[in-house]
Structures are given as structure tokens and as C-alpha cells.
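Trainee: Could you take me through a close look at the pocket that holds the ligand, and set it beside the next pocket on the list? I would like the lining, the contacts and the contributing elements treated together.

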Amino acid sequence: MTGGGGGGGAAPSRPAAEVLTFSSLAALADAAAERFIAAATTAVAARGRFTVALSGGSTPKALYTRLASPGCASRIDWARVHVFWGDERCVPPDHASSNFRMAREALLDRVPLPAAQVHRMRGEDDPPAAAASYERALRETFPEGVARFDLVLLGMGDNGHTASLFPGLSAVRETARWVVAEHVDEVGMWRLTLTPPALNSAAAVLLLVAGRDKAAMLAQVLDGPRDLDRLPVQAVAPVDGTLTWLIDDAAAANLAGERRRSS
Ligand code: 6PG
């Protein structure tokens, strides 16, 4: 594994991010699981609860599978965990594309997490209404008016999207609402997504990226100029929290210098 300060470079407004690379998706998932466990342990000790926003995608799924294993699951006080989502596809919760379903099958059904503490986005409802309803739920969870998740997990698409902040659309520019609904022509469906003000209020964000198909985009995102409309994932910049990229060697292949190498 290699660490590199960075994320700054040409864009002084972008806060420092940590970039860690791993030799395989399994090693990446192990490291992400350790960070999840540490964040949960610290939050529960400090505040009696752990609030986490989950992501869809194949790379986060590898983490969920790891977290559900006895060696990891037994180290988390699930009775104090509150699970949210960073985004959802507008499909019913049992649909094969549902982010909720993926997380339920990979993790939530396998650990002693109280059902009342699983706060899914309602992909089966009218999208704008579902977004408004999720925003209300979040504002009840964070009555102080800041969406201070202890941890936000994100992936990155090979088109530079994260959560459901897609290139060329307006969600990435939202400055007031915490949750919006948007029709994404590129994928032919409505999406619900947390917005930058919500994502960037987190105490910690982990961005998980694996696979050769992400390499060209990742180099643009990390080493290129800031361009939110084309590279929405660049909007992830916690105002008072940490941003850590966990990437595998395949995704890191086009990065500059030190960041490319794992050990
Ligand atoms: C979604 C996700 C999305 C995902 C990325 C990366 O609902 O589509 O939340 O933002 O994390 O597309 O997905 P992969 O890891 O599968 O490439």
C-alpha cells in the first residue's frame, strides 16, 4: 500500500485527500473494512451511534461482503449503527438494480442490525416526493442542520459520476437541498442522490475505485483540472472531514508518480 498526499495540485480550493493504492480488490476491501470498523468504534464511543451512508456499485459490494464475515461483523456494535444511502436507483427495493437490495443481500441481512435503523431511499415512490421525504428523515437525524455522517462510502463510475451525481446534470450544482431526484438519460432512469452539501458534511468519506476500466477517468479526476460538470466526483470535498481514496492497482494504472504503486 502506498500513501500520497494530494488531491490539491492545480486546484487550490480542493482540500487535501489521501490516496491509497492496493494490489487487489480483496486488499482494498480489507482496508476499507478496517476503516469502517474504526469509524464505527470511534463514533459509538464518542456519541453512542454510528451513522453511515452506503453506496451502490461492485466495489462497495466487495466491502459489504467483507464486513458481513464473522471476523469483521463481530467487531461492530450493530445495535448502534444507523444505515443510510448516498444514492438509489428508482426501482422497487426487491429489484435487481436496487442499491438497497444489494446492500441488504451482501451485508444487512447478515448482521444484527435493528430494522428500524435501516433508512432506505424509496426508489419505488414518485422520485421528487421520495427525495423530499428522505431529506426530512435526514434532517430529523441531524437536527443541528448539518448532515454530519460519521462515514460516507462512495464509488466512482467510469464516466466520473459518484453517488448519482452525473456529468452534465444539475445535482452536482445543488447548494441547499440534501437530497434530489433527477432523471439520468445516460442510464435511462430516475435516480435519488445526496447532494454535495450533504456528502461534504461527513466526518469521513471513503471513495472506493477498482478495475482497469476506471483508470483513464481516475487520472483525469485526480491529476487533471477541476471540471465538475464533466467530472462530478470532483465535487466530493468534505468541509470538515477526511477524504480517502482506496483504489486498486488496475484503477491506478494511469495516475502520476508515487500514487500508482502499491506494496
Ligand atoms: C450507483 C452507485 C454509483 C456507483 C458507481 C461505481 O447507484 O450506481 O451508487 O455511484 O458507486 O457507479 O460503481 P462500480 O463500483 O460498480 O463501478
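**The ligand pocket**

Mentor: The largest pocket is lined by 21 residues, and those lying nearest its centre are Gly56, Gly57, Met156, Gly157 and His161. Please keep in mind that this is a predicted model, and that each value here is computed from it. The space in this largest pocket comes to about 270 Å³, and sorted by class its lining holds 5 nonpolar, 10 polar and 6 charged residues. Among the elements, α2 and β5 each supply at least two residues of that lining, with α2 giving the largest share, 3 residues.

This largest pocket is the space that the ligand takes. The elements that give two or more residues to the shell around the ligand are α2, which spans 58–68, and β5, which spans 87–89; here too α2 provides the largest share, again 3 residues. The shell around the ligand has 17 residues, of which Ser58, Asp87, Arg89, Ala163 and Lys214 come nearest. Divided by class, the residues of this shell are 3 nonpolar, 10 polar and 4 charged, which you can set beside the 5 nonpolar, 10 polar and 6 charged residues of the pocket lining.

Turning to individual polar contacts, Ser55 has a side-chain N or O atom 3.1 Å from an oxygen atom of the ligand, while for Asn99 a polar side-chain atom lies 2.8 Å from a ligand oxygen. Ala163, one of the residues that come nearest to the ligand, makes its contact through the backbone, where an N or O atom lies 2.8 Å from an oxygen atom of the ligand. As for how much of the ligand is covered, on its own it has 420 Å² of accessible area, and the protein covers 88% of this.

The second largest pocket makes a useful companion to this picture. About 220 Å³ of space lies in it, and its lining consists of 14 residues, with Arg35, Ala38, Ala39, Asp150 and Ala204 nearest the centre. Two or more residues of that lining come from each of α1 (25–47), β9 (204–209) and β10 (242–248), and the largest share, 6 residues, belongs to α1. By class, the lining of the second largest pocket divides into 8 nonpolar, 3 polar and 3 charged residues, whereas the lining of the largest pocket counts 5, 10 and 6 in those classes.

Technical notes
Residues numbered from 1 in each chain as written. Predicted model: local features only at pLDDT ≥ 70, side-chain atom pairs only at ≥ 80, totals over all residues. Heavy atoms only, no water. Near = heavy atom within 4 Å. Polar contact = N/O pair within 3.5 Å; in protein donor to acceptor, adjacent residues only side chain to side chain. Areas by Shrake-Rupley, 256 points an atom, 1.4 Å probe, with all protein chains shown as cover. 1 Å grid on protein atoms, 1.4 Å probe; cavity = no way out; pocket = protein on both sides within 12 Å on 5 of 7 lines; lining within 4 Å. Sits in = over half its atoms within 2 Å of the grid points. Helix = DSSP H or I, 4+ residues; strand = E, 2+ residues; numbered from the N terminus. Nonpolar A, V, L, I, M, F, W, Y, C, P; charged D, E, K, R; others polar. Points joined across faces, edges and corners; volume = space filled by probe spheres on them.
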